[in-house]
Structure formats: structure tokens, C-alpha cells
Amino acid sequence: MKSIIVTTAKKGIEEAKREAQECISKGEGYYRRDFKRMPEIAAGDRIYFVMQNYVRGYGLVSAVGDRYKIKL
């Protein structure tokens, strides 16, 4: 099992907050970002979300789509 850390740029914080609220309310959701190089991850791996120098959340990857989409 791998763990990856994903940082969010200041300009993307509001979008990330909306995504997080949607994932929390539904119990699952998609994390969408434009990865220059898709991390080598698979279902079961852990993903940690860092914003403004703090870990703001985490999730277990349940599926990996195209290079822009990770299902939590």
C-alpha cells in the first residue's frame, strides 16, 4: 500500500473545499486535479490532502480513472 501527498495551490483552495464537502456528504466522491504526471497509485492506497501547510484530509483510493480523476 502506498501513501501520496497532494498539495493544493492557493488559487484552488475554494474548489478543493467544495469537492471535500461533496465527498463528505455523499460518503464518496472524485478528486479531480490536472496531474502533470499521474502518480502510480491503485485502489487501497492512501492519499493525503495538504492545503496551507496542513494536512486537511485523507482518503483511501477506491478507483483510478484517467489522469485527472481519482475516486475516493
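Which residues make up the largest nonpolar core? In this predicted model, the core comprises Ile4, Val6, Tyr31, Ile41, Ile47, Phe49 and Val61, seven residues in total. Two or more residues of this core are contributed by each of S1 and S3.

The chain has 72 residues, of which 31% are buried. One helix and six strands are present, and their order from the N terminus is β-α-β-β-β-β-β. Among contacts with a separation of 6 or more, 53% are between residues 24 or more positions apart.

Strand S1 spans residues 3-8. In a regular strand, side chains alternate between the two faces of the sheet. This alternation is found along S1: Ile4, Val6 and Thr8 point to one face and are buried, whereas Ser3, Ile5 and Thr7 point to the other face and are not buried. Two residues of the buried face, Ile4 and Val6, belong to the largest nonpolar core. Beyond its neighbours within four places in sequence, Ile4 is in contact with Pro39, Ile41, Arg46, Ile47 and Tyr48. Of these contact partners, Ile41 and Ile47 are also members of the core. Thr8, which lies in S1, has a relative accessible area of 12%; this value is under 20%, so Thr8 is classed as buried.

Strand S3 covers residues 46-51 and is paired with both S1 and S4. The pairing of S1 with S3 is parallel and involves six bridges, with Val6 opposite Phe49. The pairing of S3 with S4 is antiparallel and also involves six bridges. On that side, Phe49 has Gly57 of S4 as its bridge partner. Phe49 thus stands opposite Val6 of S1 in one pairing and is bridged to Gly57 in the other, and Phe49 is itself a residue of the largest nonpolar core.

S3 and S4 form a hairpin with two residues between the strands, and in this hairpin Gln52 adopts a positive phi near 50°. The C-alpha atom of Gln52 lies 7.9 Å from that of Thr8, although the two residues are 44 positions apart in sequence. Tyr54 lies in S4. With a relative accessible area of 56%, Tyr54 exceeds the 50% limit and is therefore classed as exposed. The C-alpha atoms of Tyr54 and Thr7 are separated by 9.5 Å, with their positions 47 residues apart along the chain.

The largest pocket contains about 410 Å³ of space and is lined by 22 residues. Ala20, Ile24, Phe49, Arg56 and Gly57 are the lining residues nearest the pocket centre. These residues include Phe49 and Gly57, the bridge partners in the pairing of S3 with S4. At least two lining residues are supplied by each of helix H1 (13-26), strand S2 (30-32), strand S3 (46-51) and strand S4 (54-60). The largest share comes from H1, which provides seven residues. By residue class, the lining consists of eleven nonpolar, six polar and five charged residues. Phe49 therefore belongs both to the largest nonpolar core and to the set of residues nearest the centre of the largest pocket.

How values were computed: Residues numbered from 1 in each chain as written. Predicted model: local features only at pLDDT ≥ 70, side-chain atom pairs only at ≥ 80, totals over all residues. Heavy atoms only, no water. Helix = DSSP H or I, 4+ residues; strand = E, 2+ residues; numbered from the N terminus. Buried < 20%, exposed > 50% of the residue type's maximum accessible area, 1.4 Å probe, protein only. 1 Å grid on protein atoms, 1.4 Å probe; cavity = no way out; pocket = protein on both sides within 12 Å on 5 of 7 lines; lining within 4 Å. Points joined across faces, edges and corners; volume = space filled by probe spheres on them. Nonpolar A, V, L, I, M, F, W, Y, C, P; charged D, E, K, R; others polar. Pairing = 2+ DSSP bridges. Core = buried A, V, L, I, M, F, W, Y, C linked by side-chain atoms within 4.5 Å. Contact = heavy atoms within 4.5 Å.
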